Every structure is written in C-alpha cells, then in structure tokens.
Amino acid sequence: MDDSGFMGLALDLAREAGAAGEVPVGALVVLEGEVIGRGFNQPIGSNDPTAHAEIMALRAAATRLGNYRLPGCTLYVTLEPCAMCAGAIMHARVGRVVFGARDPKTGAAGSVVDLFAENRLNHHTAVAGGVLEAECGGLLSGFFAARRGRTQVA
C-alpha cells in the first residue's frame, strides 16, 4: 500500500473521531507495510489533553512492539502535527511522518513552526505533507461548519 492508501485508513479513523464528537483527526503507525498502531482524537471523551490521534497511535504501536522507540516506522496523520505531537514523534524516533491537511493555527511541521527541521534537536524525522489534503481538510471544515450550525457547500 502507498501513502495515499494508508492516509485513506487514517481518514477512516478520523471519521470515527468525528462520529464520537471529537475533532476528526486520525493517525496510524506503519512498520514494513503493516499497521502496528491506530488512533483518533479523544481528548474530550477521555478528559485527556494529550489524547491526540498521533499520541494514541504511538502508544498503541509502542505497546505492540514492546518498545518506546519506533525506528523505521512511518506515522500517517490526517492533520499536520502540533508541537506536542511533533515532540512525541521525535522522542519515539519515528523515521517518517506523512500528513494530510496543513494546520495554519498550530502546525509544527512548517505551517506555524517546523520542529522537524530544527537542527539543534537530536533526532530528525522526515516529513511529507499534503497527502489527500483536500479530503483531510474537507473532513475538518465540514465538522467545524456543522458545529457552528452551518452546512458546508461542496
């Protein structure tokens, strides 16, 4: 499966989050073509400000591997990671991040800051953005429009 295929799986997870009343963001961790961790946004339902999709997927992958380090893994996420998630991704030594929609308010992979490009940090994760960007962004836009009581015209 390619990046678009894995992002499609992450979009399914994002839809689960939206159905649960959470901001629709989904993430998964892949190692050697196999999904080893899945997650979707859960901070509201779990009363946990750290329960972002990326964190949930990293936790699941680390548990599955029995190791807090995830070298050689790729994390797919429907929204550009925030600073908290970027830090966790780098601490886990994830090799690559692929994200969908850019986040102009809190994005830490180039939209607001680029923590992944910070030379002073000791681990550097490769980043690819914009995979299925329209689909990922549309899911988020539709969710927020519905919360504001407006329907979105496609």
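Strands here are DSSP runs of E with at least two residues, helices are DSSP runs of H or I with at least four, and both are numbered from the N terminus. All views below show a predicted model.

**View A. The hairpin of β1 and β2 has two residues between its strands.** Strand β1 covers residues 26–31, and β2 covers residues 34–40. The two strands run antiparallel and are joined by six bridges. V30 of this pairing has V35 in β2 as its bridge partner, while the partner of G26 in β2 is F40. Both strands are largely covered: five of the six residues of β1 are buried, and for β2 the count is five of seven, so β2 is largely enclosed by the rest of the structure.

**View B. E32 sits in the loop between β1 and β2.** Its phi is positive, about 50 degrees, although E32 is not a glycine. The same backbone value belongs to the hairpin of β1 and β2, where E32 takes a positive phi near 50 degrees. Exposed means over 50% relative accessible area, so E32, at 78% relative accessibility, counts as exposed. The flanking strand β1, by contrast, is mostly covered, with five of its six residues buried.

**View C. Strand β3 pairs with β1 by four bridges and with β4 by five.** β3 consists of residues 74–79, and six of its six residues are buried, so the strand is largely enclosed by the rest of the structure. On the β1 side the pairing is antiparallel. There, A27 has V77 in β3 as its bridge partner, and L28 stands opposite Y76. On the β4 side, which covers residues 96–101, the pairing is parallel. Y76 also takes part in this pairing, with V98 of β4 as its partner. Between β3 and β4 the chain passes through helix α4 (residues 83–91), and this β-α-β crossover is right-handed.

**View D. The largest pocket holds about 340 Å³ of space.** Its lining consists of 16 residues, and those closest to the pocket centre are V23, V25, L79, D103 and T106. One of these, L79, falls within strand β3 (residues 74–79), in which six of six residues are buried. Helix α5 (residues 133–147) gives the largest share of the lining, four residues. Divided by class, the lining comprises eight nonpolar, five polar and three charged residues.

**View E. L132 and G129 lie in the loop between β5 and α5.** Strand β5 spans residues 126–128. L132 has a positive phi of about 55 degrees although it is not a glycine. Buried means under 20% relative accessible area, so L132, at 22%, is classed as partly exposed. G129 is partly exposed as well, because its relative accessibility is 34%. In sequence, G129 is 53 residues from Y76; in space, their C-alpha atoms are 9.8 Å apart. Y76 belongs to the β3 side of the pairing with β1, where it stands opposite L28.

**View F. F143 and F144 form an aromatic pair.** The structure holds two aromatic pairs. In the pair shown, the ring centres of F143 and F144 are 5.2 Å apart and the planes are at 80 degrees, an edge-to-face arrangement. Edge-to-face requires planes over 60 degrees apart. F143 lies in helix α5, the helix that contributes four residues to the lining of the largest pocket. How buried or exposed are F143 and F144? F143 counts as buried because its relative accessibility is 13%, whereas F144, at 30%, is partly exposed. The C-alpha atoms of F143 and M84 are separated by 23 Å, and the two residues are 59 apart along the chain.

Technical notes:
Residues numbered from 1 in each chain as written. Predicted model: local features only at pLDDT ≥ 70, side-chain atom pairs only at ≥ 80, totals over all residues. Heavy atoms only, no water. Buried < 20%, exposed > 50% of the residue type's maximum accessible area, 1.4 Å probe, protein only. Pairing = 2+ DSSP bridges. Right-handed = clockwise from strand over helix to strand, strands pointing away. 1 Å grid on protein atoms, 1.4 Å probe; cavity = no way out; pocket = protein on both sides within 12 Å on 5 of 7 lines; lining within 4 Å. Points joined across faces, edges and corners; volume = space filled by probe spheres on them. Nonpolar A, V, L, I, M, F, W, Y, C, P; charged D, E, K, R; others polar. Phe/Tyr/Trp six-rings, centres within 6.5 Å; stacked < 30°, edge-to-face > 60°.
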